[in-house]
Amino acid sequence: MKQIIVLGGGYGGVLTAKKLANQLRKHKDVQITLIDRKPYHTLLTELHEVAANRVEEDSIKIDLKKIFSGFRNVKVVLDEINGINFDNQTLQGERAYAYDYLVIGTGSKPTFFGIAGADRHALTLWSYEDAVRLKEHTQQMFRKAAKERNPEARKEMLTFVVVGGGFTGVEMIGELAEFTVELCKEFYIDPADVTLHVVDMVNKILPILPEQLIRKAEKRLRKMGVNIITGSKITEVTEHGVRVGEQELQSRTVIWTAGVEGSDLAGNLDVEQKGRKRILTNEKLQVPTHNNVYVVGDNIFYIPEGAAAPVPQMVENAELAAPIIAHNIVADIKHKPMKAYKPTFHGTMVCIGSRYGVANVGLPGKMFRLSGLPAMAVKHLINMVYLFQVCGFNKVYHYVLHEFIHVRNNRSFVGGHFAKRSPNFWLFPLRVFTGVMWFLQGGDKMLKMMDDPNHIFLLPSKWADGTSGASVVADEAAGSAQAAVTALPVPDFMKSMVDWSMDLMFYNADGGFTWLAYVFQASMVGAEIIVGLLLIAGLFSAPAAVVSVAMGIMVWVSGTAPTEMLWYLAAGIALIGGSGSTLGLDYYVLPRLKSLWKKLPIVRRWYIYTD
């Protein structure tokens, strides 16, 4: 049994383990073990959203065992590894782990560049715990400030300084600008009393972006009330503030986002390192002195051919490196050629609060500069693509809920349009009424079928010239009226397609009906009765509403829909999503079915469920 150990449950580690699991799923002689000290994968790029109380805390965590629940060849182990013996090919934690192949993806941690007091007095934003601590600390500052009578102490409590003008720092200060507005309302504090700073030693924020986007980002931050200080050296952080150049910013909240270095474990390994504790690799992402050891994510120090700088410490680097490492390990096992790492990065993006962002994305030589809503849309799309790789439909579904539906104070780039929800029980009468009407319609037609099984009344009869009489509907098509009524109009292009398909399936050459016409009529009548009963009982109310809309559309495009069909369509759309499931059997049935559904192997493997 060959042992492949992936050390670290970050972006690179999770993706590498999944790629390996997929490629080696038929190899029962290979065991993949992912080791991390935490039971969950953290979405580090979204920490600022939790820190500023935009989304729920659990929205940035994914259970590692859930990620690999559909893979029998992957084992998740919780342990903190404190040493690696490359000669013996073992890792040491609470116990020893032997490996044939090792992937190091232990990530990075904040670096303070030796600045006095920074490690003791600054708050960091590099883990789930950091984000929760920062949110609680910010709320506590407002609670204290609301009762503080000393103006100097109160000013310190309401001054917030973010050190670092890169992506993390700008995203944090942007979210903080929105969060403090909410806290001012909650604690009855004048927003003018709150001071926000973002500071950096370099002469501009977001230095890797084009100048045009930097200017837009600066303009947005200033509009949000943020003071930008650049080109000033940070020399000390104390309990009461930070010294920036010749001035001291008095603050009880200094947030450090100024840079990262390799993890403690990576920094202590007996391998060649460059940069800030990054492990030197060859073009196949192997450690040169140990060909069965690979490096992924932030730990990589590798300068691609033709490049002037090492690969960046960002998520896309991990996403691009993971499949190369997986391929090379599998290739080595199967004695096939390996691949060199030739990354093509697609740009960068940064959100400034919940409604605005800037992005420079595309391909080398063809980059697009986006700002505002387009940039935010790209950011959300990229997040969802990553989440689909990690946890499929399940996590994408919950991401949409957190980002667009269950949002606080309309803090979404689409505002609160999707967040306006009414209590479920107000749709209960509509659900029952719609169900009763469908049941009565179906019951009335069922009686007609029993009276004369050979009578087709749900399809228009052919006129003598062979064309369909769809412009006028008989009373049977409406289901109740005795006099003829005018049908809802159907666009010509749609009418021609429907007429063609109906001629093909439902009409004989002599204008009579085929056997499929009888099947169609019986099916439609049965569907109306079943949908009616389901809506009345509140059982499978969401799919019943979808079928209700589908039946309405079918009747409409056939050219036999009376005007009352419009409210059937509107009611069905209003009920989609189970909106009217209050006081129904769904309350008892769906939880049991969800529990059984999630136990199916194919469902777990492809994450086609909701929690």
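**Entry 1: the second largest pocket**

Which residues lie nearest the centre of the second largest pocket? I looked this up in what is a predicted model, and found Tyr397, Gly577, Gly578, Ser581 and Lys594. They belong to a lining of 34 residues. For the volume of this pocket I noted about 1000 Å³.

I then asked which elements give two or more residues to that lining. They are helix 11, helix 16 (541-557) and helix 18 (586-598). Helix 18 has the largest share, with eight residues. Sorted by class, I have 18 nonpolar, twelve polar and four charged residues around this pocket.

**Entry 2: confidence**

Next I checked how far to trust the model. The mean pLDDT of the chain is 92, and 95% of the residues reach 70 or more. I marked two stretches where pLDDT stays under 50: residues 463-467 and residues 469-484. For residues 463-467 the model has four contacts beyond four places in sequence. For residues 469-484 I wrote down 37 such contacts.

**Entry 3: cavities**

Rolling a probe the size of a water molecule over the atoms shows where empty space is left. How many cavities of 30 Å³ or more does a search of the whole structure find? My note says two. I looked into the second largest cavity, which holds about 40 Å³ of space.

Its lining is made of Glu46, Glu49, Val55, Ser59, Ile60, Tyr399, His402 and Glu403. Helix 11 (residues 373-405) gives the most to this lining, namely three residues. By class I get three nonpolar, two polar and three charged residues.

**Entry 4: salt bridges**

Side chains of opposite charge can pair when their charged atoms come close. The structure holds 29 salt bridges, and I picked out a few to look at.

I began with Glu178 and Arg355, whose closest N and O atoms are 3.8 Å apart. Why does this pair tie together parts that are far along the chain from each other, 177 residues apart in sequence? Glu178 sits in helix 7 (residues 167-187), while Arg355 is in the loop between strand 25 (347-351) and strand 26 (357-363), so the bridge joins those two parts. Are the two partners buried or exposed? Glu178 has a relative accessible area of 11%, so I list Glu178 as buried. Arg355, at 34%, counts as partly exposed.

My second pair was Glu218 with Arg215, with a distance of 2.8 Å from N to O. Both residues lie in helix 8 (residues 211-223), three residues apart, which is about one turn of the helix. Glu218 is buried at 9% relative accessibility, whereas Arg215 is partly exposed at 39%.

The third was Arg243 with Glu248, whose closest N and O atoms are 3.0 Å apart. Here both ends are partly exposed: Arg243 has 32% relative accessibility and Glu248 has 35%.

Last, I looked for salt bridges that share partners. They join Glu49, Arg54, Glu175, Glu178, Glu182, Arg355, Glu403 and Arg411 into one network. Glu178 and Arg355 from my first pair are both in that network. I also recognised Glu49 and Glu403 there, having met them in the lining of the second largest cavity.

Notes:
Residues are numbered from 1 along each chain as its sequence is written. This is a predicted model: local features need pLDDT of at least 70, side-chain atom pairs count only at pLDDT 80 or more; totals for chains, interfaces and linings use all residues. Side-chain values use heavy atoms; hydrogens and water are left out. pLDDT is the predictor's confidence in each residue, from 0 to 100. Contact means heavy atoms within 4.5 Å. On a 1 Å grid over the protein atoms alone, a cavity is a set of points where a 1.4 Å probe fits but cannot get out, and a pocket is an open set with protein on both sides within 12 Å along at least five of seven lines; lining residues have an atom within 4 Å of a point. Grid points are joined across faces, edges and corners, and a volume is the space filled by probe spheres set on the points. Helices (H or I, at least four residues) and strands (E, at least two) are DSSP runs, numbered from the N terminus. Ala, Val, Leu, Ile, Met, Phe, Trp, Tyr, Cys and Pro count as nonpolar, Asp, Glu, Lys and Arg as charged, and the others, Gly among them, as polar. A salt bridge is a side-chain nitrogen of Lys or Arg within 4 Å of a carboxyl oxygen of Asp or Glu. Buried means under 20% relative accessible area, exposed over 50%, partly exposed in between (1.4 Å probe, protein chains only).
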